[in-house]
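Hi everyone, thanks for coming. I'd like to walk you through one protein model today, so please have a look at the picture and keep it open while I talk.

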Amino acid sequence: MSASIFDQKPNQVSISPLLKNLAYPAPNAPVTASEIAAAFALIFEDRLSPIQTAALLTLLHSTGKDREAAVIAQCSQRMREAASQVDRTALKKAIKARGKGEGKYNGGVCDIVGTGGDSHSTFNISTTASIVSSPLLMMAKHGNRAQTSFSGSADVLNAIEPIAPKISAVSADNLPQVYEQTNYAFLFAPNFHQAMMYADPVRRGLGLRTIFNLMGPLANPIDWAIEARVVGVAYQSLGPTFAEALRQNGCKKGMVVCGEEDLDEISCAGKTNCWRLSEYPNPAFDASRADDDDSEEDEENPRTLVNVETFQLQPSDFGLPTHPLTAVFGRKMPKDNAAKLMSILRNELPRDDPILTFVLLNVAALLVTSGVCESETSNMGPGDDGQVITERGPGGGRWKEGVRRARWAIESGSSLKCLEEFIEVTNKLE
């Protein structure tokens, strides 16, 4: 075998000392998250050789470092920094003009996403939930083609008939333009994370799940604009890890979920473990030292702190029946799942349909997390009876109110309209 594959290109650097420290850890000099994140920055700059990239990913996996909150948080931050950057001023203007605050929701963008890899091959829940939520929330659904399933979020959207949204046309340059015309946007990962081209051949060659699978849910290119999110994880031990990674990345309103079956969604079959992040005033904050509302936050003494509360949810908390996971099996081709998605949006399914129930659970979770369900009044539009359900369940959430609002979004045709607006605007993009 030629030794040339081990050679460094002129612009590349060696991380051999880091790799050695990972392989043979020294108790008095542990590898830090910042050192690992710095190596990832080199990957995104094409300054790390494929052989060292493969070694880094493998060692992180074998040592378990890729499942540490600080490592996930800091590596995903480097990935976002390497992404195509959206004009913040233009995007903020578009969101402010269109976003409708209600309750404790301020009108910011939201996302719902899972890590994948749970081996259950269920229907495209987070993609459908993101569309259903869009009449009530500004949605920035970050996704890709299938990695661990038959039908990824991008695959199912591309299979919509008769006209599919042109997701490949949405870019950092025109995203504010998209939000001027619709509440919904799908951020196709390859359009924003071009630097991943340097890692993808190695990932495919390794053939194992790496830290990149965990970074994806935290790599939304407009993460800085996200007000609330729901993140599903594929196994229980990742729950507190992801909650802490979100907290370290600055998330102040979010929920990490994992069905008891090790499912990266709110389960329709039984209990789901939840780790909810919420903001509260910092009692130690010295308001007299803050110049004004626009002054930079003191990292050591911020205005607010973030609490993580753990609890369990089950379908009955939402006022919904349980269904076995076999009833929501999604191991079908994208065109089949796209047809089911459109049937949901057209309100063609019975109210107790298992997949519809599954979708409603997850939409409700996002609506509650956003704070929109905290409103004491309801004026969503035609078809809204205005009867807010104030009953609270686990974690103090108005889960049944979330379902009421989710049903309205579907049954009023509002969710379908948001998707149609997205299809129209994207097909006009160059």
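Leaving aside neighbours within four places in sequence, which residues is Ala-364 in contact with? Before I answer, one word of caution: what you are looking at is a predicted model.

Now, Ala-364 itself. Setting those sequence neighbours aside, Ala-364 touches Phe-318, Trp-399, Gly-402 and Val-403. You'll find Ala-364 in helix α14. Its relative accessibility is 0%, so Ala-364 counts as buried. Here is a nice one to click on: Ser-133 is 231 residues away from Ala-364 along the chain, and yet the two C-alpha atoms are separated by 8.5 Å.

Let's move on to empty space. Rolling a probe the size of a water molecule over the atoms shows where empty space is left. The largest pocket comes out at about 1700 Å³. It is lined by 46 residues, and those closest to its centre are Gly-250, Cys-251, Lys-252, Glu-279 and Val-306. Which elements give two or more residues to that lining? On the helix side we have α4 (69-82), α5 (88-98), α12 (238-248) and α14 (354-370). The strands are β4 (226-232), β6 (272-281) and β7 (304-313). For those of you who think in chemistry, the lining of this pocket has 18 charged, 16 polar and 12 nonpolar residues.

There are also enclosed spaces. How many cavities of 30 Å³ or more does the model have? The count comes to two.

The largest cavity holds about 40 Å³ of space. Its lining is made by Ile-112, Val-113, Ile-125, Ser-126, Val-230, Val-231, Gly-232, Val-257, Asp-264, Glu-265 and Asn-362. Two or more residues each come from β1, α6 (125-133) and β4, and β4 gives the most, with three. Sorted by class, that lining has six nonpolar, three polar and two charged residues.

The second largest cavity has a volume of about 30 Å³. Around this second cavity sit Asn-347, Leu-356, Leu-360, Arg-407, Ile-410 and Glu-411. Both α14 and α15 (399-411) supply at least two of these lining residues, with α15 giving the most, at three. By class, the second cavity is lined by three nonpolar, one polar and two charged residues.

Next, let's go back to α5, one of the helices at the pocket. Which residues of α5 are buried? They are Leu-91, Ala-94 and Ile-95. These three cover an arc of only 95 degrees around the axis, so they sit on the same side of α5. The other side of the helix has Thr-89, Lys-92, Lys-93, Lys-96 and Ala-97, which are exposed. And what covers the buried residues? The cover includes β1 (109-114), β2 (138-143) and α8 (175-179). If you zoom in on the N-terminal end of α5, you'll see Asp-87 acting as a cap. A side-chain oxygen of Asp-87 lies 3.0 Å from the backbone nitrogen of Thr-89.

Last stop: some backbone details. Most residues other than glycine have a negative phi, and most peptide bonds are trans. This model has some spots that depart from that pattern, and I'd like to show you three.

Start with Pro-162. The peptide bond joining Glu-161 and Pro-162 is cis, with omega at about 5 degrees. Pro-162 belongs to the loop between α7 (153-158) and α8.

Then we have two aspartates. Asp-46 is not a glycine, but its phi is positive, near 60 degrees. Look for Asp-46 in the loop between α2 (33-44) and α3 (50-63). Is Asp-46 buried, partly exposed or exposed? Its relative accessibility is 24%, so Asp-46 counts as partly exposed.

Asp-262 also has a positive phi, about 60 degrees, without being a glycine. Its place is in the loop between β5 (254-259) and β6. With a relative accessible area of 30%, Asp-262 is partly exposed.

That's my tour. To finish where we began, do take a moment with Ala-364 and its contacts Phe-318, Trp-399, Gly-402 and Val-403. Thanks for listening, and I'm happy to turn the model around for anyone who wants another look.

Notes. Residues numbered from 1 in each chain as written. Predicted model: local features only at pLDDT ≥ 70, side-chain atom pairs only at ≥ 80, totals over all residues. Heavy atoms only, no water. 1 Å grid on protein atoms, 1.4 Å probe; cavity = no way out; pocket = protein on both sides within 12 Å on 5 of 7 lines; lining within 4 Å. Points joined across faces, edges and corners; volume = space filled by probe spheres on them. Helix = DSSP H or I, 4+ residues; strand = E, 2+ residues; numbered from the N terminus. Nonpolar A, V, L, I, M, F, W, Y, C, P; charged D, E, K, R; others polar. Buried < 20%, exposed > 50% of the residue type's maximum accessible area, 1.4 Å probe, protein only. Arc of directions from axis to C-beta. Contact = heavy atoms within 4.5 Å. Polar contact = N/O pair within 3.5 Å; in protein donor to acceptor, adjacent residues only side chain to side chain.
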